[in-house]
Amino acid sequence: MTEATLNKLKILAEAAKYDVSCSSSGTVRRGRKDDGVGNTVGGVGICHSFADDGRCISLLKVMLTNVCMYDCAYCINRRSNDVPRATLSVSELVELTMEFYRRNYIEGLFLSSGVVRNPDYTMERLVKVAQDLRTVHRFNGYIHLKSIPGASRELVNRAGLYADRMSVNIEIPNECSLKYLAPEKDFKSVYEPMGFIRQGVLENKEDRRKFRSAPRFVPAGQSTQMIVGASPEHDRDILRLSSAFYSMPTMRRVYYSGYVPVNTYDARLPVLKQPPLIRENRLYQADWLMRFYNFTADEIVDDAHPDLELDIDPKLSWALRHPEFFPVDVNRADYESILRIPGVGVKSATLIVNARRFRRLNSEHLRKIGVVMKRARYFITCGELEAPCVADVSPDYVRRSLTAATGKERDNNPLQLTIDFGS
Amino acid sequence: MMLVYMFDGTFEGLLTAVFDAYSRKSFPEAIVREGAVLPMFCDECHEVIADTGKSDRVWRGLGRKLSAAALSATATSFLCELPDYDITLFRYICRALNSPVSIETDFSDPDVVEVTKMVRRVRYEAMRIRQFLRFQKAADGTYFALMEPLYNVLSLAVGHFVDRFSSMTFVIYDKRRGYGYYYDGREVHCVTMPETLPHISSGRLDESMMDADEKLYQDMWRAYFKAIAIKERMNPRKQRQDMPVRFWKYLTEKNG
């Protein structure tokens, strides 16, 4: 370990930072009593730090090398870019991971790589890192491995024995756009390794039913990522694709990455002043609705509304398009209906169905429980004199009153004149 | 007529106060800790003498009324050590004992809501320790970390570190409360160290005490922390939200 490693780490972290995934969730590994280090806590995982861009740092997210033989338009590491290149040796990276882990900097390793020589050669080196960590250093923390598109089934199967989670990024939600931006890639090169992982997990499930001691295979499932805003797809296409992914067994998370204009010289890419951060946020909200609120993709966006609204969240947007669903009686409605009230989350919905066993709830109780009454009051009834329901007043009225600028926003408005009294 | 109970500030003391209230058939309006100033309109002050026999009986009684999870949650919430919280927990325990069914999910009751929130806050603080604790390796191979958590939650977090780093020897220290835990590779010991030690007062090991590679790894971690942020997406507000500034003092990546 020397200064040279530090410089390589800098370059390779820079190269890896556009990958969004960083979660360390989904598996429980108990610590070993006698040798090795590490455990994973399961549940939500642990974020050890938050970078200046507000994103969590849970895993050591780094590339083995940022040398790449592909030339994908949206990627910072494309062959034709003139960026500093570096390669970490397997032993360097293993040692770095162990030392960071022992200092409680990280939960584990998230390793990806540019493609050198051929997919199998690259994949083999990734597997070697995971293998050394697990077998030589008895590392029991989290390992997330990228599966290199085009890698052979044998290598994916070997990787799965050491990794907690594996992922293949689809990057562009439409095959034509993908081929246009990344001529060397197609959907097959993405879906094939996904299929390997899925089959591995399902076979492993079968094996573990017969032999409880059979080693686990990718216990935290797989994830994928889509770049938003680099190609002309609508949110409808993106969400339909995610919902198809979620119906696939073993797919745990789809990440959305607002396109950061890295290769501005490429004419195939749109010119953006800023990454589409709000759109990205709305997509995550829609994603949450599909995963935890029993919404389907077609409820959130349809052909009449192919894109998510930017000024209100998708749940409120759905509610305004369906005034006939409201008001919901919080004292009688089932959990699923309560979940659909804007201003009520999973946590407060659970509290409501528990608390109403004891007595009828009124708006004061709801506020205490944590319901955002400012939004919820248009959509509920709780047996008292209440604010007008969205079905009585018009959805437009509710929209206007909820999106009206708050005092602080008005103050920050650059169009608002301020009088300078001098000093 | 205002009745005040005074107890010694321990959980046993609080449970004994519950016992006393039932045996004296008089329930206090306020509970104060020893040494605190009595409320202005205090007419009668009963001093509670902590008694494990009595507190155990209350605890067993409570165990019959609440689920195991809610029972441990009440004890956890007491770690917040906020004097204002004592009376809330006292009322919660009394209500739990009086009620024929478990009250733990009655979230329209203000005390139940308050206890639930406090449990969440205390557990969150323990989680913060698991997140933001940073070890520094000393020359003798011991890993050292120091924090100043808001609540007294070191005991909730130490098990996690023992499970995770069972083959290391380490110290985790709560500077605010002046105690910590030392794990020697087999067992955990509670330790106190003098405030005057330079690494206790600053939270940082002096370079002469550090392991040979420690400095380099700290530099690497700082370099990594800087490199991983995307310049186009700077969001200091979100950073402060998820990693409050009060933790920055002892974070390797935010210092040096």
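The legends below accompany close-up views of a predicted model.

**View 1. Where chain B meets chain A.** In this predicted model, the meeting of the two chains involves 41 residues of chain B, which are in contact with 47 residues of chain A. On the side of chain B that touches chain A, at least two residues each are supplied by α5 (110-132), α6 (154-164), α8 (214-227) and α9 (236-242) of chain B. Among these, α8(B) gives the most to that side, with 9 residues.

**View 2. The kinds of residue on the side of chain B that touches chain A.** When the residues on this side of chain B are sorted by character, 22 are nonpolar, 7 are polar and 12 are charged.

**View 3. The two assigned domains of chain A.** The domain assignment of chain A places residues 3-300 in domain 1 and residues 314-411 in domain 2. The centres of domain 1 and domain 2 of chain A, taken over C-alpha atoms, are separated by 37 Å.

**View 4. Where domain 1 of chain A touches domain 2 of chain A.** Here 9 residues of domain 1 of chain A are in contact with 6 residues of domain 2 of chain A. Two or more residues of the domain 1 side come from each of α8 (277-292) and α9 (297-300) of chain A, and the largest share of that side, 5 residues, comes from α8(A). Sorted by character, the residues on the side of domain 1 of chain A that touches domain 2 of chain A comprise 5 nonpolar, 2 polar and 2 charged.

Technical notes
Residues are numbered from 1 along each chain as its sequence is written. Chains are lettered from A and ligands numbered from 1 in the order in which they are written. This is a predicted model: local features need pLDDT of at least 70, side-chain atom pairs count only at pLDDT 80 or more; totals for chains, interfaces and linings use all residues. Two residues are in contact if their C-beta atoms, placed from the backbone, lie within 7 Å. Helices (H or I, at least four residues) and strands (E, at least two) are DSSP runs, numbered from the N terminus. Ala, Val, Leu, Ile, Met, Phe, Trp, Tyr, Cys and Pro count as nonpolar, Asp, Glu, Lys and Arg as charged, and the others, Gly among them, as polar. Domain bounds come from an automatic or database domain assignment.
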